[in-house]
Amino acid sequence: MTMNKNNLKMIPCIACGEDMPELRLTKFGYKVCVNCSEVGAYRAVSTVHGSGDHTYNDIQIMTPEQYESYERVEKLSSKTLKSLSKED
């Protein structure tokens, strides 16, 4: 059994053999280390809801695919707003 500096039990990654925290497997179900993972990094987008005294902020957590879709919609919306403001 190997321990790292944070006192976490380390086990070998099934793909590369490098050490990875055992909790990555037992708690989260990942069988490979972060370097071997094919899952992209999740992204967060801040949102504002409500109006006046009832305004609040929130964070939307998105997969890489959801974030790419969000970015496309935002760019399209931005272009549409710019073209509408030029018509005025």
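Which charged end sits over the ring of Tyr67? In this predicted model, that position is taken by Arg43, whose charged end lies 4.0 Å from the centre of the Tyr67 ring. Tyr67 itself is classed as buried, because its relative accessible area of 16% falls under the 20% cut-off.

Tyr67 also takes part in an aromatic contact. A search of the whole structure returns one aromatic pair. This pair is formed by Tyr67 and Tyr70, with a centre-to-centre distance of 6.0 Å and an angle of 35° between the planes, and the arrangement is tilted. Both residues belong to helix α2, which spans residues 64-87, and they are three residues apart, about one turn of the helix. Whereas Tyr67 is buried, Tyr70 is partly exposed, with a relative accessibility of 27%.

With respect to charged pairs, one salt bridge was found in a search of the whole structure. Lys9 and Glu22 are the partners, and their closest N and O atoms are 3.3 Å apart. The salt bridge connects distant parts of the chain, as Lys9 is located in strand β2 (residues 9-12) and Glu22 in helix α1, 13 residues apart. Lys9 is partly exposed at 34% relative accessibility, and Glu22 is likewise partly exposed at 25%.

On the surface, Phe28, Tyr30, Val39, Tyr42, Ile59 and Ile61 make a nonpolar patch of about 670 Å². Of these residues, Phe28 is situated in the loop between α1 (22-26) and β4 (43-49). Phe28 counts as exposed because its relative accessible area, 54%, is over 50%.

Conventions:
Residues are numbered from 1 along each chain as its sequence is written. This is a predicted model: local features need pLDDT of at least 70, side-chain atom pairs count only at pLDDT 80 or more; totals for chains, interfaces and linings use all residues. Side-chain values use heavy atoms; hydrogens and water are left out. Patches are made of residues with over 30% relative accessible area and no salt bridge: like charges are joined within 9 Å, nonpolar side chains (Val, Leu, Ile, Met, Phe, Trp, Tyr) within 5 Å. Accessible areas come from the Shrake-Rupley method with a 1.4 Å probe; for residues, only the protein chains shown count as cover. A salt bridge is a side-chain nitrogen of Lys or Arg within 4 Å of a carboxyl oxygen of Asp or Glu. Helices (H or I, at least four residues) and strands (E, at least two) are DSSP runs, numbered from the N terminus. Buried means under 20% relative accessible area, exposed over 50%, partly exposed in between (1.4 Å probe, protein chains only). Rings of Phe, Tyr and Trp (its six-membered ring) pair if their centres lie within 6.5 Å; planes under 30 degrees apart count as stacked, over 60 as edge-to-face and the rest as tilted. A charge sits over a ring if NZ of Lys or CZ of Arg is within 6 Å of the ring centre and within 35 degrees of the ring normal.
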